[in-house]
Amino acid sequence: MQNEVVSREEWLEARRALLAKEKEATRLRDSVNAARLALPWVKVDKNYVFETPEGRKSLADLFDGRSQLLIYHFMLGPDWDAGCTGCSFLSDHVDGALPHLNHHDVTWVAVSRAPLDKIAAYKQRMGWQFPWVSSFGSDFNFDYHVSFSPEDLTKDKVFYNFTPMQPADANDELPGLSAFYRNDKGEIFHTYSSYARGPEELIGTLMILDRAPKGRNEDSTMNFVRRHDEYEEAAKAPSCCH
């Protein structure tokens, strides 16, 4: 299917109309960002402990000397064979941002309930460098509503994305992003969390595809995505030199 083909003058008129909407969306995003920064905080009093390649660490340790911590709730359960495809897609975009985040006083850490050896094996397979720790045996994932026990999934409702939902629409692991702040006294505050499609803007490939002629070209949300080592090798484009 091909869009309507028009004259350059008609295209320019349509493009200017779209530009007005794009500017409106930018202003709305700025407003949402300001509201996000103005959210009240919740003090974290619970002592969470994580398994890391350097040994057991507290939530405070995960800040790695910085005052801001972003935790990506990566879907990799204790009995899973591989990480979630969508979480892997997002995580493909992280390593290049790390120097910029660290320089701006922000630490990024992925957290999963899978044991550390399973995390390490999958991380090596994917070739990632970002910190990734295990919350196995901790309440952390359950307290931040990204993991659900078999008992949870037999209840009438589970709580995800700040909303009660049907267990049939849930899973034992679900994605999310949480932000924390640590002040000079060492106090830690939970400042923000986002779930479901909330962290989608972190996926630069989607933002690029949105500008391509066919857009995301999907039948359902990200149904085209595979782990980056699972795509069939695309046919090479012919070279003008041959």
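1. Start with the side chain of Ser-112: one of its polar atoms sits 2.8 Å from the backbone oxygen of Phe-74. Keep in mind that this is a predicted model, so treat that distance as a computed one. Ser-112 belongs to strand S5 and is buried, with a relative accessible area of 0%. Leaving out neighbours within four places in sequence, Ser-112 is in contact with Phe-74, Leu-76, Ile-119, Trp-132, Val-133, Ser-134, Ser-135 and Phe-136. One of these, Ser-134 in S6, is also the residue that stands opposite Ser-112.

2. Now the strand that carries this serine. S5 covers residues 106–112, and 7 of its 7 residues are buried. As a rule, side chains in a regular strand alternate between the two faces of the sheet. Here both faces are covered: Val-106, Trp-108, Ala-110 and Ser-112 are buried on one side, and Thr-107, Val-109 and Val-111 are buried on the other.

3. What does S5 pair with? Strand S4 (residues 68–73) is one partner, joined to S5 in the parallel sense over 6 bridges. In that pairing, Leu-69 stands opposite Thr-107. Strand S6 (residues 132–134) also runs parallel to S5, and 3 bridges join these two.

4. On to the packing. Nonpolar side chains tend to be buried together in soluble globular proteins. In this model the largest nonpolar core has 25 residues, and Phe-74, Trp-108, Phe-130 and Trp-132 have the most contacts inside it. The elements that give two or more residues to this core are helix H3 (85–91), S5 and helix H5 (116–126). There is also a second, separate core of 23 residues, which includes Leu-59, Phe-140, Met-165 and Leu-174.

5. Phe-130 deserves its own look. Leaving aside neighbours within four places in sequence, Phe-130 is in contact with Ser-91, Val-94, Asp-95, Leu-98, Trp-108, Ala-110 and Lys-123. Of these, Trp-108 and Ala-110 are among the buried residues on one side of S5. Trp-108 also appears alongside Phe-130 in the list of residues with the most contacts in the largest core.

6. Next, the cysteines. How many disulfides does the structure hold? The count is 0. Why is Cys-84 not bonded to Cys-87, its closest cysteine by sulfur position? The two sulfurs are 3.7 Å apart, which is too far for a bond; a disulfide would need them within 2.5 Å. Seen from the other end, the closest cysteine sulfur to that of Cys-87 is the one in Cys-84. Both residues count as buried, Cys-84 because its relative accessibility is 16% and Cys-87 because its value is 1%.

7. Last, two backbone spots to check by eye. Most residues other than glycine have a negative phi. Asp-64 has a positive one, near 55°, and is placed in the loop between helix H2 (59–62) and S4. Is Asp-64 buried or exposed? Asp-64 counts as exposed because its relative accessibility is 52%, and the cut-off for that label is over 50%. The other spot is Phe-162, where phi is also positive, near 65°. Phe-162 is in the loop between strand S7 (158–160) and strand S8 (163–165).

Methods. Residues are numbered from 1 along each chain as its sequence is written. This is a predicted model: local features need pLDDT of at least 70, side-chain atom pairs count only at pLDDT 80 or more; totals for chains, interfaces and linings use all residues. Side-chain values use heavy atoms; hydrogens and water are left out. Buried means under 20% relative accessible area, exposed over 50%, partly exposed in between (1.4 Å probe, protein chains only). Helices (H or I, at least four residues) and strands (E, at least two) are DSSP runs, numbered from the N terminus. Two strands pair if DSSP finds at least two bridges between them. A nonpolar core is a set of buried Ala, Val, Leu, Ile, Met, Phe, Trp, Tyr and Cys residues joined through side-chain atoms within 4.5 Å. Contact means heavy atoms within 4.5 Å. A polar contact is a pair of N or O atoms within 3.5 Å; within protein, one must be able to donate a hydrogen and the other to accept it, and residues adjacent in sequence count only if both atoms are side-chain atoms.
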